[in-house]
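User: Please take a close look at the sheet in this structure, strand by strand. I would also like to see what packs around it.

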Amino acid sequence: MTDIFEDWKKKENHQGQLFITDGVIDQDLWRSSNSKVMFLLKEAYDSKRHSGTWDLTKLIKRRGVSGRTFKPMAQWAYGVQNLLEGKGIAPYVDNSSDVKQSLLSSSIVNLKKSSGKKASSNADLLNYVNEDWDLLYSQIKTISPRVVICGKTWSLITNKLPNKKKITDRAYISENIIYINFWHPSNRSSNLMSYYALCAITEMALNEASKYEL
């Protein structure tokens with residue numbers, strides 16, 4: 001993905017700004033997994049740096065299952081990967097070696113790669129989606145997940161996806177990838193409730209998606 005980021009950083013809307021790369025968290029774990037899960041989130045930000053570049057996947061590797069975003073991501077990845085492996089809804093686990101492995105074997109893509117804020121407006125985010133969609137969609141297709149968990153980003157990409165079909169409530173399929181319209185990992189509901197809500201939505205989606213070519 002290095003080449004695509006080099007082109008991305010050169011775009012006018014990113015020049016001179018801190019550019020935060022993302023993608024597959026652990027390449028070896030990703031390649032060996034048949035249960036590929038992607039988190040499609042809004043943006044990363046850095047309150048101290050305003051130029052240069054750093055990589056979000058390296059930060060996740062260092063911090064692991066922690067914080068208001070990465071910990072729920074790990075739990076959600078664990079649940080969805082179990083579903084993709086045909087094991088049904090696994091009981092909620094707060095943290096374990098398996099939960100950490102699930103986080104590291106997933107991927108993360110932010111819609112806005114530079115000028116990140118704690119909370120950008122949807123209008124600002126949509127401008128970045130419109131400006132960068134060819135590169136964003138190329139990144140998604142190159143990573144090639146089976147399930148994309150949209151962390152409050154679905155409304156920003158829904159009109160961009162080709163051959164999109166609604167398969168269940170809050171679940172869609174486009175080009176053999178399932179997209180789940182869900183909350184951001186740092187939402188204020190309990191981690192346990194978010195986990196079971198996502199697993200229930202995903203289980204229904206996978207059952208329905210069996211009718212499609214996947």
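Analyst: What follows goes through the sheet, then the nonpolar cores, and then some individual side chains.

The model is a predicted one. Its open sheet has seven strands in the order β2-β5-β3-β6-β9-β8-β7, with mixed pairing. At the edges stand β2 (23-24) and β7 (165-168); each has a single partner strand, so one side of each is left without a neighbour in the sheet.

Starting from the β2 edge, β2 is joined to β5 by two bridges, and these strands run antiparallel. Val 24 stands opposite Ser 107 in β5. The next pairing, β3 with β5, is parallel and has five bridges. Here Met 38 stands opposite Ser 107. Ser 107 in β5 therefore faces Val 24 as well as Met 38. Strand β5 is largely enclosed by the rest of the structure, because six of its six residues are buried.

Strand β3 (residues 37-43) also pairs with β6, in the parallel sense, over four bridges. Val 37 has Val 147 as its bridge partner in β6. Further along the order, β6 and strand β9 (residues 177-182) run parallel and are joined by five bridges. Cys 150 has Asn 181 as its bridge partner in β9.

Strand β6 (residues 147-151) is largely enclosed by the rest of the structure, since five of its five residues are buried. Val 147, Ile 149 and Gly 151 point one way from the strand, while Val 148 and Cys 150 point the other way; all are buried.

The packing around the sheet can be described through its cores. In soluble globular proteins, nonpolar side chains tend to be buried together. The largest nonpolar core here has 42 residues, of which Phe 39, Ile 149 and Ile 180 touch the most other members. The elements that give two or more residues to this core are β3, α3, α4, α5, β6, β8 (171-174), β9 and α8. The most comes from α4, with nine residues. Leaving aside neighbours within four places in sequence, Phe 39 is in contact with Met 73, Trp 76, Ala 77, Ser 106, Ser 107, Ile 108, Val 109 and Ile 149. Another core, of 27 residues, lies apart from the largest one, and among its members are Leu 40, Trp 133, Tyr 137 and Tyr 179.

One helical residue is worth adding. Leu 56 is in helix α3 (residues 56-63). With a relative accessible area of 4%, Leu 56 is buried. Apart from neighbours within four places in sequence, Leu 56 contacts Ile 20, Thr 21, Asp 22, Phe 70, Ile 108 and Asn 110. Leu 56 and Ile 25 are 31 residues apart in sequence, and their C-alpha atoms are 8.4 Å apart.

Within β5, one charged residue deserves a separate note. Lys 112 lies in this strand (residues 107-112). Lys 112 is buried, because its relative accessible area of 2% falls under the 20% limit. The side chain of Lys 112 makes two polar contacts with other side chains: with Ser 120 at 3.0 Å, and with Asp 124 at 2.5 Å. Not counting residues up to four places away in sequence, Lys 112 touches Lys 42, Glu 43, Ala 44, Ser 120, Asp 124, Leu 125 and Tyr 128.

Aromatic side chains complete the description. The whole structure contains 10 aromatic pairs. In one pair, the ring centres of Tyr 92 and Tyr 195 are 5.6 Å apart and the planes are at 70 degrees, so the pair is edge-to-face. Tyr 92 lies in the loop between α4 (70-84) and α5 (97-104), and Tyr 195 in helix α8 (residues 191-209), so the pair ties together parts that are 103 residues apart in sequence. Tyr 195 counts as buried, at 1% relative accessibility. Elsewhere, Phe 5, Trp 8 and Phe 19 form one aromatic cluster. The ring of Trp 30 has the charged end of Lys 36 over it, 5.6 Å from the ring centre.

Terms used: Residues are numbered from 1 along each chain as its sequence is written. This is a predicted model: local features need pLDDT of at least 70, side-chain atom pairs count only at pLDDT 80 or more; totals for chains, interfaces and linings use all residues. Side-chain values use heavy atoms; hydrogens and water are left out. Buried means under 20% relative accessible area, exposed over 50%, partly exposed in between (1.4 Å probe, protein chains only). A polar contact is a pair of N or O atoms within 3.5 Å; within protein, one must be able to donate a hydrogen and the other to accept it, and residues adjacent in sequence count only if both atoms are side-chain atoms. Contact means heavy atoms within 4.5 Å. Two strands pair if DSSP finds at least two bridges between them. Rings of Phe, Tyr and Trp (its six-membered ring) pair if their centres lie within 6.5 Å; planes under 30 degrees apart count as stacked, over 60 as edge-to-face and the rest as tilted. A charge sits over a ring if NZ of Lys or CZ of Arg is within 6 Å of the ring centre and within 35 degrees of the ring normal. A nonpolar core is a set of buried Ala, Val, Leu, Ile, Met, Phe, Trp, Tyr and Cys residues joined through side-chain atoms within 4.5 Å.
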